[in-house]
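Biologist: Hi, I'm new to this one. Could you walk me through it?

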Amino acid sequence: MARFTVNAPVETDQPTIAVDQDPAAPLVVGRHRFRLEVVDDSGNRSLPDEVVVIVADTERPTAVLRAPASVSAGRAFTLDGSRSFDVGGGKVKQYVFTYLGPAT
Ligand SMILES: [Ca+2]
């Protein structure tokens with residue numbers, strides 16, 4: 001495993017390497033480029049090969065709705081979704097509030 005930082009080559013004699021991610025600073029959602037160069041046992045260095053890896057947020061967010069337990073008739077009140085949160089590298093960008101009618 002290795003923690004990669006931009007433009008800091010990681011050298012190894014192994015043909016595969018795990019990209020270890022810092023939980024506090026993981027790769028952000030989006031496109032990320034990686035490069036491989038190989039060196040033979042005579043010291044000859046290859047041309048680079050590059051790939052793009054897409055880091056995607058595939059995990060659904062969690063809605064948390066708060067409201068006052070009771071309000072005065074005829075008065076405005078606030079529905080609060082600010083404690084909603086996302087996991088998987090994304091963030092909440094839209095709140096969809098719906099009135100469902102009288103509760104029984
Ligand atoms: Ca998400």
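Modeller: Happy to! Let's begin with one residue: Ser84 is partly exposed, because 14 other C-beta atoms lie within 10 Å of its own. Here buried means 20 or more other C-beta atoms within 10 Å, exposed means 12 or fewer, and partly exposed is in between, with C-beta atoms placed from the backbone.

Biologist: Is this an experimental or a predicted model, and how do you number residues?

Modeller: This is a predicted model, where local features need pLDDT of at least 70, side-chain atom pairs count only at pLDDT 80 or more, and totals for chains, interfaces and linings use all residues. Residues are numbered from 1 along each chain as its sequence is written.

Biologist: Thanks! Which residues does Ser84 touch?

Modeller: Leaving out residues up to four places away in sequence, Ser84 touches Pro61, Thr62, Ala63, Val64 and Val92. A contact means that two C-beta atoms, placed from the backbone, lie within 7 Å.

Biologist: And where does Ser84 sit along the chain?

Modeller: Ser84 is in the segment after strand E4, which covers 49-55. Strands (E, at least two residues) and helices (H or I, at least four) are DSSP runs, numbered from the N terminus.

Biologist: How many helices and strands are there?

Modeller: The protein chain has 0 helices and 4 strands.

Biologist: Which strand pairs with E4, and in what sense?

Modeller: Strand E3 (residues 30-36) pairs with E4 in the antiparallel sense, over 7 bridges. To count as paired, two strands need at least two bridges found by DSSP. Phe34 has Val51 in E4 as its bridge partner, and Leu36 has Asp49 in E4.

Biologist: Are those strands buried or in the open?

Modeller: E3 lies largely in the open, because 0 of its 7 residues are buried. E4 is hardly covered, with 0 buried among its 7 residues. For the protein chain, buried residues make up 0% of the 104 residues.

Biologist: New topic: what about the overall shape?

Modeller: The radius of gyration, taken over C-alpha atoms, is 24 Å, while a compact globule of 104 residues would be near 13 Å. That globule rule is 2.2 Å times the number of residues to the power 0.38. Along the principal axes, the C-alpha atoms fill a box of roughly 85 × 25 × 20 Å.

Biologist: Which domains are assigned, and how far apart are they?

Modeller: The assignment, automatic or from a database, gives domain 1 (1-56) and domain 2 (60-99). Their C-alpha centres lie 41 Å apart.
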